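Thank you all for coming; I would like to walk you slowly through one structure today. Please keep the picture in view while I talk, and stop me whenever a term is unclear.

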Amino acid sequence: IFYPGGNDKMKKNGEFLASYIKEITGYELATATGQPGKGISLVIDQSIQNPEGYQLTVSDNGIRIAGSTDAGVFYGIQTLRKSIPATAQGMNVELPAATINDYPRFAYRGMMLDVSRHFFPVDSVKTYLDILALHNQNTFHWHLSDDQGWRIEIKKYPELAEIGGQLPNNGRKGGYYTQEEFKDLVNYANERFITIIPEVDIPGHTAAVFAAYPDFKNAVKFKTKVNIPGQAFNALDVDDPKAMQFTEDVIAELAALAPGNYIHIGGDEAIGLPHDKFVRFINKTREIVLKNGKKMVGWQETARADISEGDVIQHWIYLKQKSEDSSKKKDNIPAEYKEIMALFAEFMKEAPKDPGLGISKKAKVILSPSGYVYLDHKYLEPSADSTQNAEQERLGMAAYEKQTIQEMYDWDPMTFNPTVENPQKDVAGIEAAIWCETITNFRDLQFLLMPRLAGVAEKGWSKVENTHWDEYKVRLGAQAPLWEKADWNYFKSSLVDWK
């Protein structure tokens with residue numbers, strides 16, 4: 001494997017590919033700098049216009065993978081990886097002569113992981129990053145705090161991790177990442193051309209914060225006591241100096257840890273927080289993010305604040321279907337829930353306006369429509385493997401409509417939501433999310449993630465006219481040996497002929 005001299009990232013690309021080929025085939029390829037020769041050549045070619053695009057050529061002389069950047073070459077390597085039979089141990093491998101010119105549709109292709117509801121150790125997060133890299137995802141949105149736990153060490157507020165990271169959470173083990181572990185994962189992601197965007201969810205979803213610092217003021221007041229399992233109705237108060245100093249200190253430490261351009265501040269579902277307080281909190285937090293040299297990402301509700309050019313909103317509230325008995329469910333709501341449900345209904349009524357509102361303020365939009373890319377939906381179709389029946393029954397949110405992997409694949413990011421009038425200009429990209437209420441271990445997570453991540457990745461990378469279910473499901477089935485070789489758990493949908 002040849003790579004350009006004096007380029008550490010291309011050297012790592014070469015070593016990455018050599019390691020994979022050895023693992024799959026048993027053949028140990030040397031890596032060397034110098035002019036391309038007979039073998040595999042990794043080349044920087046400035047004639048390739050898209051910074052993440054690549055050209056992969058297979059000929060009698062060998063294999064050439066070219067990109068205008070190191071990242072482009074890395075994505076070419078992923079295509080080569082997926083082209084080598086995963087069962088090739090000790091075999092000669094022949095590839096057909098071909099030239100592939102390929103580049104992504106969207107510059108932002110992300111995947112979120114909720115480590116608050118289930119804490120995953122560093123090794124599991126690294127495997128998660130490996131899965132993202134194989135699927136050409138370039139952003140890891142790390143949901144580090146929520147009501148169920150605070151998962152990142154903050155030096156100025158040690159109780160956040162020590163108390164907020166060890167809350168009772170349906171019997172799940174607590175935990176948090178040290179700042180050194182965070183830096184290690186940043187480096188691991190960078191080697192795979194993945195940017196980490198850390199999120200601490202504020203002002204709402206802050207039960208873990210209040211557990212650690214009960215003297216912070218809760219800006220949410222209800223007339224009746226509300227106790228909904230899994231929900232804590234609380235929010236930091238913009239008029240509480242302690243809370244705002246806390247916000248400033250936390251963002252400063254996060255900004256110093258994360259080398260990417262963005263910090264995600266959450267901002268979702270602050271039910272019961274007066275609108276004025278919400279807007280002022282987001283405005284002040286945005287100023288703090290900018291002061292620390294970063295740009296702000298927030299869930300779509302942050303569009304209601306004074307955001308502007310350079311900010312990004314994450315559009316998530318988009319359910320495709322409504323259950324037939326939703327009106328009956330409404331009639332059965334206990335009296336003590338009615339106040340919160342009325343507020344929630346008002347909140348949902350405003351939600352469809354958020355994308356257009358954010359765009360009108362010159363913000364960009366990340367598409368994360370819950371009906372298409374929330375990967376904690378239950379699977380509708382049966383598994384081709386009856387041993388997965390118990391997993392299928394147990395995993396996924398019961399509140400969502402069950403969906404087939406075909407239903408979650410068949411959408412066009414450019415046309416699915418008419419409130420985004422000019423997606424070519426206003427959409428930054430696509431991000432899928434996976435929430436961990438039902439997950440008890442890493443194999444559970446993989447089961448919900450795969451194979452649906454492959455479909456999300458395709459929508460982020462390929463033009464919609466090149467995405468057809470009947471053709472896609474054949475290519476999807478061919479990936480099974482690669483996933484099994486890596487010991488990755490996946491749902492064996494009966495809609496696919498798994499090889």
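Let us begin with Arg-109, whose bridge partner in strand β16 is Ile-430. Before going further, I should say that what you are looking at is a predicted model. Ile-430 in β16 is also the bridge partner of Leu-367, and Leu-367 belongs to strand β15, residues 364–367, which runs parallel to β16 and is joined to it by 3 bridges. On the other pairing, strand β7, residues 108–114, runs parallel to β16 with 6 bridges between them, and one further pair there is Leu-113 with Ile-434 in β16. As for β16 itself, which covers residues 427–434, 7 of its 8 residues are buried, so we can call this strand mostly covered.

Now, how much of β7 is buried? In this strand 7 of the 7 residues are buried, and it is therefore largely enclosed by the rest of the structure. For those of you new to strands, it helps to remember that in a regular strand the side chains alternate between the two faces of the sheet. In β7, Tyr-108, Gly-110, Met-112 and Asp-114 point one way, while Arg-109, Met-111 and Leu-113 point the other way, and all of them are buried.

β7 also pairs with β8, in the parallel sense and over 5 bridges, and in that pairing Asp-114 stands opposite His-143 of β8. Helix α3, residues 122–134, lies across β7, β8 and β16, and it runs at about 145° to β8.

What do these strands build together? They belong to a closed barrel of 8 strands with parallel pairing, which you can trace in the order β7-β8-β11-β12-β13-β14-β15-β16. From one strand to the next, the twist averages 30°. Elsewhere in that barrel, strand β12, residues 262–266, pairs with strand β13, residues 295–299, in the parallel sense over 3 bridges, and Tyr-262 stands opposite Lys-295 in β13.

Let me turn to the helices, starting with α1, residues 8–25, and α2, residues 70–83, which pack at an angle of about 10° with their axes 10 Å apart. Angles under 35 degrees count as roughly parallel, and that is why α1 is described as roughly parallel to α2. The residues of α1 that meet α2 include Phe-16, Leu-17 and Tyr-20, and among their counterparts in α2 are Val-73, Phe-74 and Ile-77. Sorted by class, this contact of α1 with α2 has 8 nonpolar, 2 polar and 3 charged residues.

My last stop is helix α18, residues 469–477, and here I would ask which of its residues are buried. They are Trp-469, Tyr-472, Leu-476 and Gly-477. Seen down the axis of α18, these buried residues fall within an arc of 130°, so they line one face of the helix. The general background is that an α-helix has 3.6 residues a turn, so residues three or four places apart point the same way. On the face of α18 turned away from the buried side, we find the exposed residues Asp-470 and Val-474, whereas the cover over the buried residues of α18 includes α14, α17 and α19.

Terms used. Residues numbered from 1 in each chain as written. Predicted model: local features only at pLDDT ≥ 70, side-chain atom pairs only at ≥ 80, totals over all residues. Heavy atoms only, no water. Buried < 20%, exposed > 50% of the residue type's maximum accessible area, 1.4 Å probe, protein only. Helix = DSSP H or I, 4+ residues; strand = E, 2+ residues; numbered from the N terminus. Pairing = 2+ DSSP bridges. Axes fitted to C-alpha atoms, helices over the stretch in contact; angles between N-to-C directions. Parallel < 35°, antiparallel > 145°, perpendicular 65-115°, else oblique. Contact = heavy atoms within 4.5 Å. Nonpolar A, V, L, I, M, F, W, Y, C, P; charged D, E, K, R; others polar. Arc of directions from axis to C-beta.
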